[in-house]
Structure formats: structure tokens, C-alpha cells
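The following exercises concern how a helix and a strand are placed within a fold. Each task is followed by a solution in steps.

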Amino acid sequence: MTYILMDNEIYGLTKGQVAPTTPSGDKTKSTFWGNPEPSVDPCELAISTGATWVARGFAGDVKFLTQLIAEAITHHGFSFLNVMSPCVTWRGDDQFKALKEMLAYIPEDHDRSKRRAALQYTREKGVLTTGVLYEVQTPSLVDRLEEIKQRAMAGRKEPTTREILETFYPKF
């Protein structure tokens, strides 16, 4: 399964309300004095909840983003791609320019298999590091369910659709 999050750090379509990824202190229509909450980092959340491929991209770097999307789709397992995509309607062109200036790529020697190494990129300030943060090869949910099915069906024939449906009807 592949999940791509277009992250603009604001609920721009609802007239600029604070979102879970809105930076702490940012003023929005719903937080006039500044967002009191710490922002959620979607990549950190994905790594912490079991995604096996996690990356961050930037909408202003289309060529690299296209590569990340292709990698996310071909990954066997749960892949998560956080795409930083500034809302020019709410924030104007300034945030886009600021993110472009902060852009950095994951170093070549980054060990994608280490959670701790991946998490260090989710807590950065003043830099937007893009690329694959985390990648491990483990059986997917579908693989694990298929294994359970094979164990349950060992020595039995596959039931027909009719037989399966009949199990839902009460016997009178």
C-alpha cells in the first residue's frame, strides 16, 4: 500500500485553519495568537507506526519527487511519502521560496535501515531534507494474512463461494 500526503501545513481550503502539521507558533485564522500545539511530523509518525518505506519530497523539485513516487509505488509493503507542498493561496509565494532555500538531500551514506538515523531527519530545524528516510524489507500485511490462510487451509480444499455464503445463513 502506498500513501502520499500532500502537506501544506494548513487547512487552506477551509480559509486557513490550523492543521496537525502547522508549525508551533504560526498564526492562522483559528489561532490568532499562534498555534499553541507542537506540530506532528508525518514521517516520524509513519516510521513509528510500522511503515516500511518512508520518504519526504518537495513539490518544487518535480524530477526528484517523480523518482520518489515511483519508488514508493514499487516498494513491497507500506510506503509513505510526505510531499511538502506550500499553500500559495494561504501563505503566498514566500513559503515556497523559503522551503526551496532550505532544501537538502539525504546524504549518500545514510543508512535507510536504521530507525534512529531516519528519525534525526524528522526533527531538523531550518532545513528540509528530502529523500528516502527509512526502508526495511519485511513481510507485508498481505503476506502475513496469506501465511495465516495457508496454515488454516493446510490439507483442506478451497471452499467455493456458495459454501462460504452458506455459513452466514442460519440452519432451521
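**Exercise 1.** Determine which residues of α2 are buried and where they lie around the helix axis.

*Solution.* Step 1: the buried residues of α2 (residues 62–74, a DSSP run of H or I, at least four residues, numbered from the N terminus) are Leu-65, Leu-68 and Ala-72; buried means under 20% relative accessible area and exposed over 50%, with partly exposed in between (1.4 Å probe, protein chains only). Step 2: viewed down the axis of α2, these residues fall within an arc of 60 degrees, so they line one face of the helix; the arc is that of the directions from the helix axis to the C-beta atoms. Step 3: an α-helix has 3.6 residues a turn, so residues three or four places apart point the same way. Step 4: the face turned away from the buried side carries the exposed residues Lys-63, Ile-73 and Thr-74.

The model is predicted: local features need pLDDT of at least 70, side-chain atom pairs count only at pLDDT 80 or more, and totals for chains, interfaces and linings use all residues. Residues are numbered from 1 along each chain as its sequence is written, and side-chain values use heavy atoms, leaving out hydrogens and water.

**Exercise 2.** Identify the strands against which the buried residues of α2 pack.

*Solution.* They pack against β1 (2–7), β2 (53–58), β3 (79–84) and β5; strands are DSSP runs of E, at least two residues. In β5, seven of the eight residues are buried.

**Exercise 3.** State how β5 pairs with β2.

*Solution.* The two strands run antiparallel and are joined by four bridges; pairing requires that DSSP finds at least two bridges. Val-54 stands opposite Tyr-134 in β5.

Note on methods
Contact = heavy atoms within 4.5 Å.
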